[in-house]
Amino acid sequence: MPRYHIPDEKQVVEALQRVMSTKREVHSQRSLKRLVEKELEGEMLYKVGEVRLRHLAIDSGLVNLQIHVRESGKTRTMIRCPVCTSRLKRVRNMTVYGGTVTLGYHCGRCGYWTGLKHRVPTRYVFTRRG
Ligand SMILES: [Zn+2]
């Protein structure tokens, strides 16, 4: 039974950098996780959580994130970004009566957006930045 180690932030980001220097595009979060774990592997085996990896990838500035979504058809108020947990900004429009109406939400950190019909992230594509 192999023992797995949890890499620290620096190890993950450095491994990510090496992965993205050989790949232009990684087409899913699971593939990126496997590639990063493989990159870290040496004397020891490593495990990195997919959500943690996504957050570190966003913070690293090394990748552009393409978010694939499906529309849930449900309308609801949203506070936090489902992709990176940042606070979402409301996208508003002026009404003819001088008030405002919420059209949807936007995340300034990772680029996720949704209309009032909630867009549920289903897949992430990571591409090399620059
Ligand atoms: Zn976000």
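## The zinc site

With angles of 102 to 114 degrees among its four donor atoms, the zinc ion sits in a tetrahedral site. For four tetrahedral donors, the ideal angle at a metal is 109.5 degrees. Keep in mind that this is a predicted model.

Who holds the metal? The ligands are all cysteine sulfurs: the SG atoms of C81, C84, C107 and C110 coordinate the zinc ion at 2.3 to 2.4 Å. Along the chain, these donors follow the spacing C-x2-C-x22-C-x2-C.

## What the cysteines tie together

C84 belongs to the loop that runs between β4 (63–75) and β5 (89–94), while C107 belongs to the loop between β6 (100–106) and β7 (113–115), so this pair ties together parts that are 23 residues apart in sequence. As for solvent, C84 and C107 are both buried.

## The three-stranded sheet

β4 turns up again in an open sheet of three strands, which run in the order β2-β8-β4 with antiparallel pairing. β2 (25–26) and β4 are the edge strands, each pairing on one side only.

Looking at one of those pairings, β2 and β8 (residues 117–128) come together in the antiparallel sense over two bridges. Here V26 stands opposite F126 of β8.

## A helix on the sheet

What packs on this sheet? Helix α1 (residues 9–22) does, touching β2, β4 and β8. The direction of α1 makes about 75 degrees with that of β8.

Notes:
Residues are numbered from 1 along each chain as its sequence is written. This is a predicted model: local features need pLDDT of at least 70, side-chain atom pairs count only at pLDDT 80 or more; totals for chains, interfaces and linings use all residues. Side-chain values use heavy atoms; hydrogens and water are left out. Donors are N, O and S atoms within 2.8 Å of the metal (3.2 Å for Na, K and Ca); water is not among the atoms, so sites may look incomplete. Four donors count as tetrahedral if all angles lie between 85 and 135 degrees; four count as square planar and six as octahedral if opposite donors are over 155 degrees apart and all others between 65 and 115; anything else is irregular. Helices (H or I, at least four residues) and strands (E, at least two) are DSSP runs, numbered from the N terminus. Buried means under 20% relative accessible area, exposed over 50%, partly exposed in between (1.4 Å probe, protein chains only). Two strands pair if DSSP finds at least two bridges between them. Contact means heavy atoms within 4.5 Å. Axes are lines fitted to C-alpha atoms, for helices over the stretch in contact, and angles run from 0 to 180 degrees between N-to-C directions.
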